[in-house]
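Colleague: Thanks for sitting down with me over this one. Could you take me through it, piece by piece?

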Amino acid sequence: MPAEPPIEVPRSLAEAFAILAAAPHRPVAGGTDVLVQIAGELGPPPERVIDLWRLDELRGIGLEGDTLALGALTTYTEIRRSAVCLEHLPALVDAAATIGAAQIQNRGTLGGNIANASPAGDSLPVLLAMDAEIVVGGVRGEQTIPARDFWVAYRRTALQPDELVLRVRIPLVARREIRFRKVGTRRAQAISKVVMALAWRSSPGDGGWSDVRVALGSVAATPIRATATEAVLDGAAPTAETAERAAATLAAEIQPIDDVRSTADYRRVVAARVLHRLVRDAGGW
Amino acid sequence: MNVRMLVNGAPVEIDVPGMRRLLDVLREDLGLTGTKEGCGEGECGACSVILDGQVVDACLVPVSQADGSTVRTVEGLAPTPGGGAGDRRLDELQQAFLETGGAQCGICTPGMLMAARAYLDAGGGPDEAAIREAIAGNLCRCTGYTKIVEAIARAAAGGAA
Ligand SMILES: Cc1cc2nc3c(=O)[nH]c(=O)nc-3n(C[C@H](O)[C@H](O)[C@H](O)COP(=O)(O)OP(=O)(O)OC[C@H]3O[C@@H](n4cnc5c(N)ncnc54)[C@H](O)[C@@H]3O)c2cc1C
Ligand code: FES
Ligand code: FES
């Protein structure tokens, strides 16, 4: 049987913060990454574990003015069933639907995806493209970190060891559109080879784009924004010529790697093609 | 850690490490070996059980998270779990698996049944695409999914399909 480190099961967030302040504990939310890491003996097992599952303060999806707030313990199943998400952020629902299958979606959490910091985390490009903020906290209080600054290096985050991810805040901006696309080996239970979220605002007059975000996963050590590609799309209209230029810029901008799931060349070609397709669909040609 | 659960309708109280996998508690501590371990990493679904109404991989759930919960395993599908030896009644899904040849092996079938049970309990119908999505987390590595999907569709249609 896999290692069974000692576990604390706090009933309130204050209790959890105190436990974390007293000694390092590895958080377990849905466990769909942590238990795989322990069973697969990917490194030494954690010395101590803290179970977050009972912390109802970290649950819930709601609108706070022009902001969509999701608790860290929100599962993918909850996102898929949320009327608020379907109405205001269908791209996040699309992303949730591609993650694992029913068993994973029933347990896997948004906060776990964020804190696990895999470059292939499928919700992360959506958060980047939406200018999401990640609210973290511990005994020293809460702070808000822009998604852009959260994934600092390969599987490293801006989170301190005694802090938890509490919730995600996503500003809802008028006339902003976002599209999500994941390319994996098969439809279910597949880790991304390339995952992309494209967001923009179109001007009601000439249909030109502004505030463009091109966010990708699985093409670098962290989820990234392709800012040179964004610059090509910003101020342009979604024409065939724009799509060509943006795709070419993206292929040159990203530096993916070869790994067991795919090759760098494949990823570069596919990322460019996915972007081209998304721009084409948006342009309606 | 002291853990209380309702397993297949029977109250269970047990003292085990909180990080023990629900899978190991079921199989090793409670002797319910119908739930299988395939991969131990969430990929295959052989360990699927229904936890508070939702299908989960028991290999990924620390038992601390099942404290106070209701667990249903393959042993709890038939109407009289642990009933008299002469009682051969089956759940409609088990019956459909038998009749269509969906019961192909003992490793994936318990998990398939539990994923399918959760699907039917949530109001799932005989639509093939929806059934395939519902069992997408359950691998068969030998024979194929056709008969399994047929069996679930048959049960969804009330055994008449
Ligand atoms: C079969 C399978 C398929 C999968 N498919 C996908 C997929 O398609 N796409 C995808 O992106 N992922 C996939 N995953 C990975 C995983 O399901 C997701 O990353 C999920 O969101 C993790 O959430 P969790 O609650 O289970 O995290 P856990 O395993 O509980 O935790 C993950 C990490 O985050 C930390 N953590 C969790 N919550 C917090 C918090 N609130 N504050 C601070 N730290 C925290 C933990 O300490 C741990 O390091 C898959 C996993 C499996 C087993
Ligand atoms: S043994 Fe749990 S999913 Fe394979
Ligand atoms: S029938 Fe069980 S693995 Fe194929």
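Colleague: Let's start small: where is G53(B) found in chain B?

Modeller: Happy to, and please keep in mind that this is a predicted model. G53(B) belongs to chain B, where β4 covers residues 54–57. The place you ask about is the loop between β3 and β4 of chain B.

Colleague: And is G53(B) buried or exposed?

Modeller: A residue counts as exposed when its relative accessible area is over 50%. G53(B) has a relative accessible area of 56%, so it is exposed.

Colleague: What distance separates the C-alpha atoms of G53(B) and P126(B)?

Modeller: Along the chain, G53(B) and P126(B) are 73 residues apart. Between their C-alpha atoms, the separation is 20 Å.

Colleague: Now the domains. How many residues of domain 2 of chain B are in contact with domain 1 of chain B?

Modeller: The domain assignment splits chain B into domain 1 (2–76) and domain 2 (89–156). Their C-alpha centres lie 20 Å apart. On the domain 1 side 13 residues take part in the contact, and on the domain 2 side the number is 15.

Colleague: How much area do domain 1 and domain 2 of chain B bury between them?

Modeller: Accessible area lost when parts come together is often used to give the size of an interface. Carbon and sulfur atoms account for 63% of the area here. The total for domain 1 and domain 2 of chain B is about 1100 Å².

Colleague: Which side chains meet in a salt bridge between those domains?

Modeller: The count between domain 1 and domain 2 of chain B is 1 salt bridge, alongside 4 residue pairs in polar contact. The N to O distance in the salt bridge is 4.0 Å. The side chains are those of R72(B) and D121(B).

Colleague: Which element gives the largest share of the domain 1 side?

Modeller: By class, the side of domain 1 of chain B that touches domain 2 has 6 nonpolar, 4 polar and 3 charged residues. The largest share, 3 residues, comes from strand β3 (residues 48–51) of chain B.

Colleague: On to the two chains. What area is buried between chain A and chain B?

Modeller: The contact takes 33 residues from chain A and 34 from chain B. Carbon and sulfur atoms give 54% of the buried area. In chain A, L35(A), Q103(A) and R107(A) lose the most, together 24% of what that side buries. The area for the pair of chains is about 2500 Å².

Colleague: Which element of chain A gives the most to the side that touches chain B?

Modeller: Across this interface there are 2 salt bridges, one of them between E4(A) and R20(B) at 2.7 Å, N to O, and 12 residue pairs in polar contact. Elements giving two or more residues to the chain A side are α2, β3 (49–51), α3 (76–81) and α6 (102–107). The one that gives the most, with 5 residues, is α6(A).

Colleague: One last residue: is Q37(A) buried or exposed?

Modeller: Q37(A) sits in helix α2 (residues 34–39) of chain A. Buried means a relative accessible area under 20%. At 16%, Q37(A) is therefore buried.

Colleague: Which side chain does Q37(A) join in a polar contact?

Modeller: Beyond its neighbours within four places in sequence, Q37(A) is in contact with R26(A), L42(A), N116(A) and R155(A). The polar contact, at 3.2 Å, is with the side chain of N116(A).

Terms used: Residues are numbered from 1 along each chain as its sequence is written. Chains are lettered from A and ligands numbered from 1 in the order in which they are written. This is a predicted model: local features need pLDDT of at least 70, side-chain atom pairs count only at pLDDT 80 or more; totals for chains, interfaces and linings use all residues. Side-chain values use heavy atoms; hydrogens and water are left out. Helices (H or I, at least four residues) and strands (E, at least two) are DSSP runs, numbered from the N terminus. Buried means under 20% relative accessible area, exposed over 50%, partly exposed in between (1.4 Å probe, protein chains only). A polar contact is a pair of N or O atoms within 3.5 Å; within protein, one must be able to donate a hydrogen and the other to accept it, and residues adjacent in sequence count only if both atoms are side-chain atoms. Contact means heavy atoms within 4.5 Å. Domain bounds come from an automatic or database domain assignment. Buried area is the accessible area (1.4 Å probe) that two parts lose on being put together, summed over both. Ala, Val, Leu, Ile, Met, Phe, Trp, Tyr, Cys and Pro count as nonpolar, Asp, Glu, Lys and Arg as charged, and the others, Gly among them, as polar.
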